[in-house]
Structure formats: structure tokens, C-alpha cells
Amino acid sequence: MRNIIIGTAGHVDHGKTSLIEAMTGYNGDELEEEKERGITIDLSFTNMKKGDVNVAFIDVPGHEKLVKNMISGAFGFDATLFAIDTNEGIMPQTIEHLEVLDILKVKNIIVALTKKDLATPELIEKRKKEIKELISKFKNLKLLEIFPTSIKDKESIDKLKDYLFNLPPREITHSKFFRYYVDRVFSLKGIGTVVTGTVLSGKVKLKDKIYINETKTLTNVKNLQVHGENVSEAYTHQRVAINLNIPHTEIKKGYLLSTKGYLRGFNRIDVYVHPVEGKELFHNMEILFISGAKRVRGKLLFIDKEKGLATIKLDENVFLVYKDPFVILHQGRVYGGGEVLNPINDPIKKKKKKIYLEHLKEGDLLKVFEFLVSQHKKGFGLLQGYQRFNISPNEALEIAKNLKNAIVDEENFNLYHIDVIYEIKKIIKDIYEKNRLAFISPSSLSSQLKWASEYLTKLVLDEFVKEGYLQKEGNIYKRKDLGNVNILSSVEQRLYSILDNEGLMPEAPYNLYTRLNIDRKVGDNALKKLTSAKKVVRLSHNLFVTSKNLTIAINKMKDIIKKRGYIDVKVFKEEMPMSRKYIIAYLDYLDNLGDIIKKDNKRYLKT
């Protein structure tokens with residue numbers, strides 16, 4: 001099924017809803033409040049089918065006070081069917097709606113000159129000329145056709161229908177992750193919570209787990225419907241009703257559903273913004289920010305007003321993607337709009353941020369990557385590619401490969417400035433100079449540095465091998481001048497020495513490995529050998545003591561029992577001050593001895 005989404009827009013009472021009813025036989029104004037007031041107060045949806053083509057209509061409000069809802073609907077249009085009363089002609093809301101469509105880059109405009117039966121041929125031609133002149137003023141709009149129509153003239157309606165069925169669908173940019181704004185929420189008896197909206201990217205399937213970004217919760221898809229028909233999957237650009245396994249009170253209009261893990265929310269975003277004709281945007285302006293069905297109040301803070309670069313500070317987090325369109329309202333009117341440049345709040349100084357945003361505005365992602373690498377010398381992740389640049393991580397990698405002065409970690413999708421090589425080399429050299437018996441691996445060095453991937457640490461360690469400073473044994477690197485020293489035996493001796501010297505309160509193994517600059521796996525193997533040889537005893541997950549020190553602890557505990565009559569946590573702490581984790585471990589070990597009785601958490605010697 002080929003899906004085409006058509007928005008119907010225009011001034012109030014210019015015949016949008018009647019036009020839809022004439023084409024589909026369905027009146028979109030189905031809510032009681034809509035019927036009572038006689039105007040469309042929210043997004044109304046209906047459709048018509050012919051063969052394998054489905055044309056879905058979103059009838060948006062024409063009333064000036066309800067322009068916010070009109071913006072919500074326009075987000076997903078393939079084209080707009082614009083209703084203009086032949087007799088009244090262009091009205092203020094006609095222009096405002098066209099301004100919104102221009103900002104949102106809803107390119108294709110089809111005009112229906114309604115109520116033609118009440119107009120003369122001369123007036124119809126005059127209106128056509130006025131409409132062509134008006135639409136030509138907008139940068140992003142393209143007038144496809146003007147159809148004089150009347151709901152009393154079936155031929156004019158059929159002609160318009162045929163044209164719509166033959167419209168090519170808007171080109172879809174495929175994305176791996178699902179994204180969907182909720183524009184309506186229902187609670188239906190026997191079914192549960194149902195939301196409606198348009199799939200902006202990706203696809204959704206029955207039984208999928210989808211993420212509600214605003215509440216940070218996962219919910220299951222119980223059912224999917226596309227225009228009243230149950231489906232197993234719904235794709236980009238389809239209008240979909242989703243039955244969710246969640247109370248309707250936990251989801252609201254404007255919430256963003258997505259695949260988990262792709263989006264982060266921020267209350268500061270950087271944008272390119274411009275005013276509509278006759279309006280002015282100013283610094284520190286209080287605004288209503290609208291993108292898709294999301295509406296959030298905030299402030300507009302210019303970085304460079306002349307170039308339209310600004311930060312928008314919002315009252316709540318939004319989950320946006322690079323190039324997402326938005327509209328700005330001030331005091332209920334459309335004042336401007338633009339596109340999101342940086343959906344992620346980066347701590348970049350204003351002067352540098354201006355350069356960054358200029359690159360983003362131009363869409364020069366190679367320059368964007370060069371800038372980010374220079375700012376994030378200790379690593380910049382490309383897995384954020386979908387949100388930051390609206391491209392896949394693999395597409396981001398292909399761009400990154402053209403960078404100079406950068407190291408590309410393809411396996412982990414990370415970029416590093418080449419200068420980090422010298423920083424890591426200094427760290428490694430310090431380790432081996434201070435500790436000749438250091439035995440590190442790429443993973444142990446990476447866990448120590450936190451910001452450096454194993455790919456990067458291995459790259460630097462291998463350079464030292466080439467230079468003749470280190471030699472590699474398996475996955476372990478040691479100083480070349482050590483000769484044939486046995487790594488495991490060396491680590492065993494040093495671990496035992498430290499554990500013995502630390503007495504009854506030794507550090508956790510991983511802390512010891514860091515002190516000794518040894519790989520964790522080597523350290524674990526050495527401890528296993530020591531415990532197998534019964535030189536060391538494991539008391540708990542991270543507590544190893546030498547057998548000699550354990551014997552001392554047991555003797556001291558038995559002496560306390562003889563002195564106090566019993567031992568428990570309180571008595572132990574009074575006699576041998578140490579942290580509770582050690583006390584519990586020693587008492588638990590004591591319980592395993594044959595001459596100890598435990599009663600009510602107290603230990604006694606058998607008599």
C-alpha cells in the first residue's frame with residue numbers, strides 16, 4: 001500500500017472539512033466539542049483508497065487561536081491541500097498557514113478554490129493570479145495546481161481526487177530507529193490506551209517494546225492499526241493508531257515514542273531561526289516552541305541575530321534530531337521558525353559555538369567533525385550520529401575517515417584527536433618507569449583511563465613495541481629489558497606480599513591490580529593459583545587474605561569468645577575495630593569451624 005499524507009489547511013469557514021467529506025464521505029469533526037462549535041479544534045483524520053494507494057487527510061484548524069494544532073499536523077505532510085474560498089479570497093490566516101508550511105518545508109501546495117458555484121469565471125481567474133503571486137514569495141513552497149471546486153459539483157471533486165491519488169509520495173529518509181509523536185490519546189473500553197500519530201522514522205511492530213522518552217519508561221505494542229485495519233508492522237510516513245500496554249494517564253499529547261537508546265533529552269538546543277514577514281524576533285523573547293506535536297515554553301537567546309543562530313532555553317527537555325523543523329509562537333501568533341542545528345547541549349563557549357553552528361547550518365559534516373574532534377580531544381562518539389546529524393553511525397564513519405589529525409576507532413565508533421597519542425604515550429612511559437614490573441594490557445589501560453578505548457590504547461602500546469621499549473607476550477605488554485621474566489610468577493609473589501603486609505584488612509583485588517599496574521586477567525589467574533595452593537583464602541567476593549593472617553584472625557576471635565563469653569558484630573568491633581564488611585566475612589568463616597556454635601547471631605565455643 002502506497003501512503004500519501006495530505007494536510008488540508010486554510011482560513012476558518014473556507015470549506016476544508018466539507019471538501020474532505022465530499023471526497024471521502026466522512027466528516028472529520030467527530031468530537032462533541034467540534035460538532036457544537038462548528039470548527040475543527042484538533043487534528044481530524046480520515047482517508048480514501050484507490051487500488052494500492054491510500055490518501056490520508058489531516059484536517060487542521062483554521063481558526064487563528066488554534067494555529068498551534070495546525071502546526072502539529074503539518075509536521076508529517078507530503079503535500080497540503082489548501083482551501084481558499086473563491087469569494088473571500090486570501091485572508092490573514094491563509095498567509096499565516098502558508099508561513100508555517102514554508103517554515104516546516106512542506107513543499108507541495110495544491111489549492112482548492114472552494115464554493116466556485118457562487119463565483120464568476122472572472123473572479124476565479126483573478127483568485128488564481130493572486131494565489132500564484134502569494135505562493136511565489138515563499139522560499140520553500142511550490143504550487144502544484146489550483147482546482148476550482150464545489151461540493152455540489154461532483155466532477156470537480158472527482159478531478160481533485162484523481163490528482164491526489166496520482167501524487168508521488170514524499171521521499172523518505174530511512175532510519176533504523178522508530179520515532180513517533182503522540183497527537184491524540186484515547187482510553188477505549190476493553191482495549192485500553194490508544195495513541196495516534198505519524199511514524200517519523202523507522203518502523204514499529206506488534207509486541208515491540210517502545211520507549212516513552214518523557215517518562216523514561218518502556219511499554220509494549222499490543223495492536224497496530226493503519227486507517228482502521230489491523231497490521232503487524234507500520235512504517236515511516238504512515239499514520240498509525242497504537243494500542244499500548246500502559247494506563248492512559250501516563251502518556252500525553254506531545255510525548256515522543258521511540259526505540260530506546262537513540263535519543264537524549266535537553267532543555268537547551270541550538271537552532272537556525274528566522275522571522276516571518278512583518279514580525280521581529282528579539283533576544284530573550286518569551287516563546288512557545290513547537291516541533292511536531294511537542295509544545296514547550298521557553299526563551300530565545302541569540303548567538304548571532306544577523307545569521308539567525310540562537311539557543312532556545314526550554315521549560316522542559318525535548319528529544320529532537322538534527323534538522324528537525326520547528327515554529328515559534330509569541331503571544332499566540334506565528335513569529336518565525338527554523339530548524340534544529342544542535343539537539344544536544346554541548347558546553348561550548350559562545351565564540352566557538354557560532355563557528356560550529358555555521359558548519360551545521362551549511363550541512364558540512366566534515367567540518368562539523370573536525371570541530372568536534374578539536375573540542376573533544378579525548379574522544380567523540382559517533383553512535384550519537386542519528387540524533388546529532390540525522391545519519392547512521394556507519395555513514396558517520398565514512399565521513400570521519402576523511403579527517404586529518406584524527407584517529408578513527410571503527411569498532412567502537414569513536415573519534416580522537418591525534419594529540420591524544422602523545423598524552424597516552426606519556427602515561428604509559430610513566431607507568432613503566434615508576435614500576436619496572438608493570439604488566440598491562442589494552443583493556444587494563446583503557447579501564448584506568450576511562451575515556452580511551454582498547455583500540456586506542458593498543459595502538460599506542462604497539463608503537464612502544466615497534467620502538468623497542470616494550471615487548472608483547474600474548475595480550476600483555478612488559479618492558480623489553482626485563483628479558484624472560486615469568487609474568488604469572490612475578491605477579492603471584494607481589495600479590496602475596498601485599499596481602500600479607502595488609503594483614504586482616506586487605507584492599508579489593510582490582511585496587512591491588514591498579515597499584516601493581518597489572519592486567520586484571522593476569523591478577524585473577526595469580527589469585528587462583530594462590531588460593532589453589534592454600535596460601536590465600538577467599539572470604540567473600542572481593543576479600544582475599546593470606547592463610548597466615550586468617551589464622552591470626554581466628555585465634556583473636558576465639559580469644560574474644562573466651563574473654564567475653566561470645567562474639568557478635570558489636571563485640572568484634574569493640575575488640576577489633578574494622579569495617580563491617582570485614583567483620584561479617586570473618587564471622588561467617590568462623591561459623592564453618594567445628595568448635596563454634598551460632599545462636600541469635602552470637603557465636604560461642606562448644607563446651
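## A walk through the predicted model

This model is predicted, and its pLDDT averages 89 over the protein, with 93% of the residues scoring at least 70. Confidence varies between elements: strand S20 (residues 309-318) has the highest mean pLDDT, at 97, while helix H2 (residues 32-37) has the lowest, at 41. The pLDDT is below 50 over residues 29-44, a stretch that has 46 contacts in the model beyond near neighbours in sequence. Residues 62-66 also have a pLDDT below 50, and here the model shows 16 contacts beyond near neighbours in sequence. Please keep those two stretches in mind as you look around.

Let us begin with the barrel. Six strands close it in the order S17-S20-S19-S18-S21-S22, and their pairing is antiparallel. From one strand to the next, the twist averages 45°. S20, the element with the highest mean pLDDT, is joined here to strand S17 (residues 266-275) by six bridges, the two running antiparallel. To find this pairing on screen, look for Tyr272, which stands opposite Leu309 in S20. Helix H4 packs on this sheet and touches S17, S21 and strand S22 (333-342); the direction of H4 makes about 0° with that of S22.

H4 also leads us to the nonpolar interior. In soluble globular proteins, nonpolar side chains tend to be buried together. In this model, the largest nonpolar core has 30 residues, and Phe82, Leu98, Leu101 and Val111 are those with the most contacts inside it. Two or more residues of this core come from each of strand S1 (2-9), strand S4 (79-85), helix H4 (92-103), strand S5 (108-114), helix H5 (121-135), strand S18 (285-291) and strand S21 (325-330). H5 gives the largest share, five residues. Another core lies apart from this one; it has 28 residues, among them Tyr181, Leu314, Leu320 and Phe326.

A polar detail is worth a stop before we move further along the chain. Ser201 is found in strand S9 (residues 192-201). Is Ser201 buried or exposed? Its relative accessibility is 7%, so Ser201 counts as buried. A polar atom of the Ser201 side chain lies 3.0 Å from the backbone oxygen of Phe177.

Next comes a second sheet, an open one. Its three strands follow the order S23-S25-S24, with antiparallel pairing. Strand S23 (380-381) and strand S24 (406-409) each have a single partner strand and stand at the edges, so one side of each is left without a neighbour in the sheet. Helix H8 (residues 365-375) packs on this sheet, where it touches S23, S24 and S25, and its direction makes about 65° with that of S25. Within the sheet, S24 pairs with strand S25 (residues 414-417) over four bridges in the antiparallel sense. Ala406 is a handy marker for this pairing, as it stands opposite His417 in S25.

H8 itself deserves a closer look. The buried residues in H8 are Leu365, Val368, Phe369, Phe371, Leu372 and Val373. What covers them? The cover includes the three strands S23, S24 and S25, together with helix H7 (350-362), helix H9 (385-389) and helix H10 (393-400). Take Leu365 in H8 as an example: with a relative accessibility of 12%, Leu365 counts as buried. Leaving aside residues up to four places away in sequence, Leu365 touches Phe389, Ile391 and Ile399.

Further along, helix H12 (residues 442-449) has as its buried residues Pro442, Ser444, Leu445, Ser446 and Leu449. Among the elements that cover them are helix H11 (420-434), helix H13 (454-467) and strand S27 (476-479). Just after H12 comes Lys450, which has a positive phi, near 70°.

Our last stop is a hairpin. Strand S30 (residues 596-599) and strand S31 (residues 602-605) run antiparallel and are joined by four bridges. Ile597 has Tyr604 in S31 as its bridge partner. Two residues lie between the strands of this hairpin, and Asp600 takes a positive phi near 50°. For a sense of where we have come, look back from Lys602 to Leu365: the two are 237 residues apart along the chain, and 68 Å separates their C-alpha atoms.

Key:
Residues are numbered from 1 along each chain as its sequence is written. This is a predicted model: local features need pLDDT of at least 70, side-chain atom pairs count only at pLDDT 80 or more; totals for chains, interfaces and linings use all residues. Side-chain values use heavy atoms; hydrogens and water are left out. Two strands pair if DSSP finds at least two bridges between them. Contact means heavy atoms within 4.5 Å. Axes are lines fitted to C-alpha atoms, for helices over the stretch in contact, and angles run from 0 to 180 degrees between N-to-C directions. Buried means under 20% relative accessible area, exposed over 50%, partly exposed in between (1.4 Å probe, protein chains only). A polar contact is a pair of N or O atoms within 3.5 Å; within protein, one must be able to donate a hydrogen and the other to accept it, and residues adjacent in sequence count only if both atoms are side-chain atoms. A nonpolar core is a set of buried Ala, Val, Leu, Ile, Met, Phe, Trp, Tyr and Cys residues joined through side-chain atoms within 4.5 Å. pLDDT is the predictor's confidence in each residue, from 0 to 100.
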